[in-house]
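Me: I've got a structure open and I'd like to learn how to read it. Can you walk me through it?

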Amino acid sequence: MRRRRIWLGVAAGTVALEAAVVASRRGRLLDPHTVVRCRQGHLFTTLWVPGVSLKALRLGWWRLQRCPVGRHWSLVTPAREADLSDADRQAAAQRDLPVP
Ligand SMILES: [Zn+2]
């Protein structure tokens with residue numbers, strides 16, 4: 001019982017931390033269209049909800065997810081909005097499925 005409570009605390013803390021990081025990077029808490037970058041530099045939009053993902057394997061801040069641009073599996077991380085050009089944003093805007 002005690003172990004379970006500790007585990008729940010750790011899980012809740014992880015989600016809260018991720019939410020805080022996303023909020024500080026993105027300027028808002030939840031963004032259904034987060035631009036992410038794969039390890040090969042492809043940009044695409046994905047639904048990034050802290051603590052939740054149905055189609056990606058979570059590795060802390062990174063996620064293993066299928067890149068719809070290069071059609072390969074890759075670790076992806078949210079891109080900084082300030083680093084994106086308009087062209088980047090437009091290219092990224094038309095991709096991905098609306099599933100976290
Ligand atoms: Zn890619």
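**Reading the model, feature by feature**

Reply: Let's begin with a loop. Arg71 sits in the loop between β4 (62-67) and β5 (72-78). Bear in mind that this is a predicted model.

Me: What is the mean pLDDT of the protein chain?

Reply: A general point to start with: where pLDDT is low, the predicted coordinates should not be read in detail. Here the chain has a mean of 77, and 70% of its residues reach 70 or more. Strand β3 (residues 57-59) has the lowest confidence, with a mean of 68, while β5 has the highest, at 92.

Me: Okay, and what is the pattern of the protein chain along the sequence?

Reply: You list helices and strands in order. This chain has two helices and five strands, and reading along it gives α-β-β-β-β-β-α.

Me: Back to that loop, then. In what sense do β4 and β5 pair?

Reply: Antiparallel, over five bridges. One pair to look up is Arg66 and its bridge partner in β5, Trp73. The hairpin has four residues between the strands, and Arg71 takes a positive phi there, near 55°. What to notice is that this positive value belongs to a residue other than glycine.

Me: Is Arg71 buried or exposed?

Reply: The trick is to count C-beta neighbours. Arg71 has 8 of them inside 10 Å, so it counts as exposed. Try Ala91 in helix α2 (residues 86-93) next. Ala91 is partly exposed, because 17 other C-beta atoms lie within 10 Å. Over the whole chain of 100 residues, 18% are buried.

Me: Which residues make up the largest nonpolar core?

Reply: Look for buried nonpolar residues that link up. The largest such core has 10 residues: Val35, Val36, Cys38, Leu43, Phe44, Trp48, Cys67, Val76, Ala79 and Ala92. Two strands, β1 (31-38) and β2 (43-48), each supply at least two residues of this core.

Me: Let me zoom in on one of them. What does Cys38 touch?

Reply: Leave out residues up to four places away in sequence, and Cys38 touches Cys67, Gly70, Ser74 and Val76. Cys67 and Val76 belong to the core as well.

Me: How far apart in sequence and in space are Ala91 and His42?

Reply: Compare the two kinds of distance. Ala91 and His42 are 49 residues apart in sequence, yet their C-alpha atoms are 9.5 Å apart in space. For the chain as a whole, take the contacts with a separation of 6 or more: 62% of them are between residues 24 or more positions apart.

Notes: Residues numbered from 1 in each chain as written. Predicted model: local features only at pLDDT ≥ 70, side-chain atom pairs only at ≥ 80, totals over all residues. Core = buried A, V, L, I, M, F, W, Y, C linked by C-beta atoms within 7 Å. Buried ≥ 20, exposed ≤ 12 C-beta atoms within 10 Å, placed from the backbone. Contact = placed C-beta atoms within 7 Å. pLDDT = per-residue confidence, 0-100. Pairing = 2+ DSSP bridges.
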